[in-house]
Amino acid sequence: MAKIVGGMTTSHVPAIGGALHKGLQNEPYWKPFFDGFLPVRQWLDEVKPDIAVVFYNDHGLNFFLDKMPTFAIGAAAQYHNADEGWGIPTLPPFKGATDLSWHLINHLVERDFDLTTCQEMLVDHAFTLPLKLFWPEGDCPVLTVPICINTVQFPLPSAKRCLALGRAVGEAIAAWDSDKKVVVIGTGGLSHQLDGERAGFINKPFDLKFMDSLFTDPEWATQFSINELVEKTGTQGVELLMWLATRGAVPGAVRRVHTNYHIPISNTAAGTMAFAAA
Ligand code: DHB
Ligand code: FE
């Protein structure tokens, strides 16, 4: 059976891609953020996953406001990158793990998660940048399965539903008849608001409590409605739903590999976390 090695989460602010491209990792503004990836990469070198299942939110590239699935999953052999153009330069296509995609689709639909199945899917910074941060050298060495959660247009799925989706994904991976090692990734957050009267809003106490809850009590965030999460974390802070889904996908207790939290990157409270399956 396939093995889940653990989970990794990070913010996906496009400006990070620009800094990566210009080699600014050791500049004072960027160093506290980029240093958070060193222990995570060391752990990746040890566990060597074959496939990454990536929870992320599309920002109007593959899905626009006229067609907005709540949950969507890729089932393509390749995922082409296209983006707004102010982060990392366009990356070569990412390879898809189509056998795992179809296994997940069958399992998840059977478990009453009615996902949109995408045999073609463009991926934006929320997918490409974290993969580049975790594996900066050369082409991405893992096959991928993208899973999109709508955090762009209301109504959004609840925290409870996203945790349940993550758990169903974890069950499906564990039941997959394969010798592959799988890491689950969640990208977005933490607290940030890019528009409106509260632009620049950041809530450090909430972010820290949320990060800690993923170790001590993964259900904690499910007490909040989406409106409450927006109030506490900002209109784009709800991207933390990807972190919750990722935690859900790794069963039982987890071991902390590394946690990093830094304010600000652009307008965002930037967090990075990795946890190993028990
Ligand atoms: C920023 C953050 C995001 O999550 C995003 O998708 C785009 C921009 C930012 O803080 O600049
Ligand atoms: Fe975003």
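Buried means under 20% relative accessible area, exposed means over 50%, and partly exposed lies in between, using a 1.4 Å probe and protein chains only. With those words in hand, here is a set of views to look through. This is a predicted model, in which local features need pLDDT of at least 70 and side-chain atom pairs count only at pLDDT 80 or more, while totals for chains, interfaces and linings use all residues. Residues are numbered from 1 along each chain as its sequence is written, chains are lettered from A and ligands numbered from 1 in the order in which they are written, and side-chain values use heavy atoms, with hydrogens and water left out.

**View 1. The whole chain, with its 9 helices and 11 strands.** Helices (H or I, at least four residues) and strands (E, at least two) are DSSP runs, numbered from the N terminus. The C-alpha trace spans about 45 × 40 × 40 Å along its principal axes. A compact globule of 278 residues would have a radius of gyration near 19 Å, and the 17 Å of this chain agrees with that; the radius is taken over C-alpha atoms, and the globule rule is 2.2 Å times the number of residues to the power 0.38. Buried residues account for 56% of the 278. The accessible surface is about 11,500 Å², with 52% of it belonging to carbon and sulfur atoms; such areas come from the Shrake-Rupley method with a 1.4 Å probe, and for residues only the protein chains shown count as cover. Contact means heavy atoms within 4.5 Å. Of the contacts between residues at least 6 apart in sequence, 83% join residues at least 24 apart.

**View 2. Strand 8 and its partners, strand 2 and strand 3.** Two strands pair if DSSP finds at least two bridges between them. Strand 8 (143-149) is mostly covered, with 6 of its 7 residues buried. Strand 2 (51-56) runs parallel to strand 8 and is joined to it by 6 bridges; Ala-52 has Thr-144 as its bridge partner there. Strand 3 (residues 71-74) runs antiparallel to strand 8, with 3 bridges between them. In a regular strand the side chains alternate between the two faces of the sheet.

**View 3. A closer look at Ile-149, found in strand 8.** Is Ile-149 buried or exposed? Ile-149 is buried, with a relative accessible area of 1%. Phe-71 stands opposite Ile-149. Leaving out residues up to four places away in sequence, Ile-149 touches ten others by name: Phe-55, Tyr-56, Asn-57, Thr-70, Phe-71, Pro-157, Cys-162, Leu-165, Met-242 and Ala-245. Met-273 is 124 residues from Ile-149 in sequence, and their C-alpha atoms are 19 Å apart in space.

**View 4. An open sheet of 3 strands, in the order 5-4-7.** The pairing in this sheet is mixed. Strand 5 (94-95) and strand 7 (122-123) stand at the edges with a single partner strand each, so one side of each has no neighbour in the sheet. Strand 4 (residues 78-81) and strand 5 run antiparallel and are joined by 2 bridges. One place to find this pairing is Gln-78, whose bridge partner in strand 5 is Lys-95.

**View 5. The hairpin of strand 10 and strand 11.** Strand 10 (residues 254-265) and strand 11 (residues 268-277) run antiparallel, with 9 bridges joining them. Thr-259 has Met-273 as its bridge partner in strand 11. The hairpin has 2 residues between the strands. Ser-266 sits in that loop, where its phi is near 55°, a positive value in a residue other than glycine. Ser-266 is partly exposed, with a relative accessible area of 35%. Look also for Arg-255 in strand 10, which touches Trp-43, Phe-215, Ala-274, Phe-275 and Ala-276, not counting residues up to four places away in sequence. Gly-6 is 249 residues from Arg-255 along the chain, yet their C-alpha atoms are separated by 8.8 Å.

**View 6. Loops with cis peptide bonds and a positive phi.** Which residues does the cis peptide bond with omega of about 0° join? That bond joins Phe-154 and Pro-155, and Pro-155 lies in the loop between strand 8 and helix 6 (159-174). A cis peptide bond also joins Gly-189 and Leu-190, with omega of about -10°. Leu-190 is in the loop between strand 9 (181-187) and helix 7 (204-216). Lys-48 is not a glycine, but has a positive phi of about 45°. Lys-48 lies between helix 3 (38-47) and strand 2 and is exposed, with a relative accessible area of 53%.
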